[in-house]
Amino acid sequence: MASRPTSSKAQSKSGKAKARKPARAKAAVRKSAAKKPAKAAARAPAQKPIDLYYWSTPNGWKVTIMLEECGLPYNVIPVNISAGEQFKPDFLKISPNNRMPAIVDPNGPGGKPISVFESGAILQYLGRKTGKFYPADERGRVEVDQWLFWQMGGLGPMAGQANHFRHYAPEPLDYAINRYTDEVNRLFGVMNKRLADRAFLAGKYSIADMACIGWTNPWERLGQKLDDFPNLKRWREAIYARPAAKRGLAVRVANEPPRPNMQDPAVRAVLFNQRAR
Ligand SMILES: N[C@@H](CCC(=O)N[C@@H](CS)C(=O)NCC(=O)O)C(=O)O
């Protein structure tokens, strides 16, 4: 789904927009420098920024939230999906499914660069890399994985289809609108029930919550009433109360063009009815 929320915190640099250094990362540097002798601090290897191929949509926000939460430095590299930049050969080498987000971590395993596409795989990779928001113990990890895959296979695709048939279909198709609106309603209900006796989907705040939050943002466009899901509403407020999550959800590409006109034949030709190339 190509959505473009309202507030704008552009990060500038022509072509390659650089994200500001996360506040937590700055704080961590200050803290460790104060504790360690100057020589040891100077020897510590600098974390090179991760390149994030990004457009501001719910799938993109998953990764900006995680990067902000972990205090990892990153460069935002815009992929204007309405203009077809996801089909550029260099991008396809990183993300062969012509979808963003994708990352290139210059400090990958063995100190060598690694690229990762698919937002769920990126979240798991960053969770393993940092040891944050993705438990190392098997039971904790299974809890997170279940809800992460539930988002990847259910909430994301169903909400995407609901949005498409409710807002972008050339003619209104009641059957498709009802099918996907109902499915989103069912999925919101599953989440609401899960959150009745715990603060977050896997108990503690995790990459599963980061994967889901953006997909609950357009609840009205998806034909839902948030008041019907009080636990989901409380969970949303808890995530938005986290400064890093809020920053991640607000990341916009420098000079991001206005919301694409989905009625524009040129945009529709790029985004809809894609076939094997
Ligand atoms: N399963 C993928 C889905 C990513 C996805 O659908 N990205 C959309 C934007 S939200 C995209 O890049 N669309 C480009 C296109 O449709 O060509 C993931 O989670 O990373």
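Okay, let's start with two strands, β3 and β4. β3 covers residues 50-54, and it pairs with β4 in the parallel sense, over five bridges. If you want one pair to look for on screen, take D51, whose bridge partner in β4 is N75. And how does the chain get from β3 to β4? It passes through α3, and this β-α-β crossover is right-handed. β4 itself, residues 74-78, is mostly covered, with four of its five residues buried. As a reminder for anyone looking at the strands, side chains in a regular strand alternate between the two faces of the sheet.

I should say right away that this is a predicted model. The mean pLDDT of the protein is 87, and 84% of the residues reach 70 or more. The part to watch is residues 1-38, where pLDDT stays under 50. The model does have 61 contacts beyond four places in sequence for that stretch.

Now, stepping back a bit. The protein has eleven helices and seven strands. It runs to 277 residues, and buried ones make up 32% of them. Take the contacts with a separation of 6 or more: 71% of those come from residues 24 or more positions apart.

Next, helix α8, residues 207-216. Why do I call this helix largely enclosed by the rest of the structure? Because ten of its ten residues are buried. The list includes I207, M210, W215 and also D209. And what do these buried residues pack against? Five helices show up there: α3 (58-70), α5 (119-130), α6 (138-168), α9 (230-240) and α10 (243-249). So α3, the helix in our crossover, turns up again as a packing partner of α8.

For contrast, have a look at R194. You'll find this residue in helix α7, which spans residues 174-194. Is R194 buried or partly exposed? It's partly exposed, because it has 18 other C-beta atoms within 10 Å, and buried would take 20 or more. R194 also sits 9.0 Å from L232, C-alpha to C-alpha, though the two are 38 residues apart in sequence.

Last stop, the ligand. There are 13 residues around it, and those that come nearest are T57, N59, I81, R99 and S119. What's the mix in that shell? Six nonpolar, five polar and two charged. Two of the names tie back to helices we've met: N59 falls in the range 58-70 of α3, and S119 in the range 119-130 of α5.

Definitions and conventions. Residues are numbered from 1 along each chain as its sequence is written. This is a predicted model: local features need pLDDT of at least 70, side-chain atom pairs count only at pLDDT 80 or more; totals for chains, interfaces and linings use all residues. A residue is buried if 20 or more other C-beta atoms lie within 10 Å of its own, exposed if 12 or fewer, and partly exposed in between; C-beta atoms are placed from the backbone. Two residues are in contact if their C-beta atoms, placed from the backbone, lie within 7 Å. Two strands pair if DSSP finds at least two bridges between them. A crossover is right-handed if, with the strands pointing away from the viewer, the path from the first strand over the helix to the second runs clockwise. A residue is near a molecule or strand if its C-beta atom, placed from the backbone, lies within 6 Å of it. Ala, Val, Leu, Ile, Met, Phe, Trp, Tyr, Cys and Pro count as nonpolar, Asp, Glu, Lys and Arg as charged, and the others, Gly among them, as polar. pLDDT is the predictor's confidence in each residue, from 0 to 100.
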